Amino acid sequence: MSITYKDTHNFNEKELQELFLSVEWSSGHYPDKLVIAMKNFKTVYTAWDDDKLIGLICAMDDGIMTAYIHYLLVNPAYQNSGIGKKLVEKMKSTYNDYLRIVLVAYNAEIGFYESCGFKKADDASPMFITTLWT
């Protein structure tokens, strides 16, 4: 296994669909929208096993103060091998001069994000208006 990391916004629908569905995210049922979304994110880092997309992290930002990590996903066959942490480190490095890096974590993933340096807010809760089922 030879994992490489790239900074890219260009994907085909199949690559994104396979990755998103591998983690059972309903976004994977909208690969045409994901292709456009990836082009619109400010920062996108990816992990590849040869020509297979196996991991992705992306963020939006305001240009100076706050960055929002929207997606972090790693194909389950490659999880627990440091790929997620490497992608988070790339994002932290990119935004190291920003005052805040924000993300919404599922409860089951809080421990992972805490191990990457994030802290759970005591006085805030994520809120959504969504039609997605994951």
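How many residues lie between β3 and β4 in the hairpin that they form, and which residue in the turn has a positive phi? The legends below answer this and then turn to other views. The model is predicted, with local features requiring pLDDT of at least 70 and side-chain atom pairs counting only at pLDDT 80 or more, whereas totals for chains, interfaces and linings use all residues. Residues are numbered from 1 along each chain as its sequence is written, and side-chain values use heavy atoms, with hydrogens and water left out.

**View 1. The hairpin of β3 and β4.** There are 4 residues between β3 and β4 in this hairpin, and G63 in the turn has a positive phi of about 95 degrees. The two strands (strands being DSSP runs of E with at least two residues, numbered from the N terminus) pair in the antiparallel sense over 7 bridges, where pairing requires that DSSP finds at least two bridges between two strands. Within this pairing, M60 stands opposite Y68 of β4.

**View 2. The hairpin of β2 and β3.** Here 2 residues separate the strands, and D50 takes a positive phi near 55 degrees. β2 and β3 are joined by 7 bridges in the antiparallel sense, with A47 opposite G55 in β3. Of the 10 residues of β3, 7 are buried, so that this strand is mostly covered (buried means under 20% relative accessible area, exposed over 50%, and partly exposed in between, with a 1.4 Å probe and protein chains only).

**View 3. The open sheet and its edges.** The sheet consists of 5 strands in the order β1-β2-β3-β4-β5, with mixed pairing. Because β1 (3–7) and β5 (100–103) stand at the edges with a single partner strand each, one side of each is left without a neighbour in the sheet. Neighbouring strands are turned against each other by 20 degrees on average, direction ignored (axes are lines fitted to C-alpha atoms, for helices over the stretch in contact, and angles run from 0 to 180 degrees between N-to-C directions).

**View 4. β4, β5 and helix α3.** Strands β4 (residues 66–74) and β5 run parallel and are joined by 4 bridges, and the bridge partner of Y68 in β5 is V102. Helix α3 (residues 83–94) packs on the sheet and touches β1, β2 (43–49), β3 (52–61), β4 and β5, its direction making about 150 degrees with that of β2; helices are DSSP runs of H or I with at least four residues, and contact means heavy atoms within 4.5 Å.

**View 5. I36 in helix α2.** I36 lies in helix α2 (residues 31–40) and counts as exposed, because its relative accessibility is 53%. Between I36 and L21, which are 15 residues apart in sequence, the C-alpha to C-alpha distance is 17 Å.
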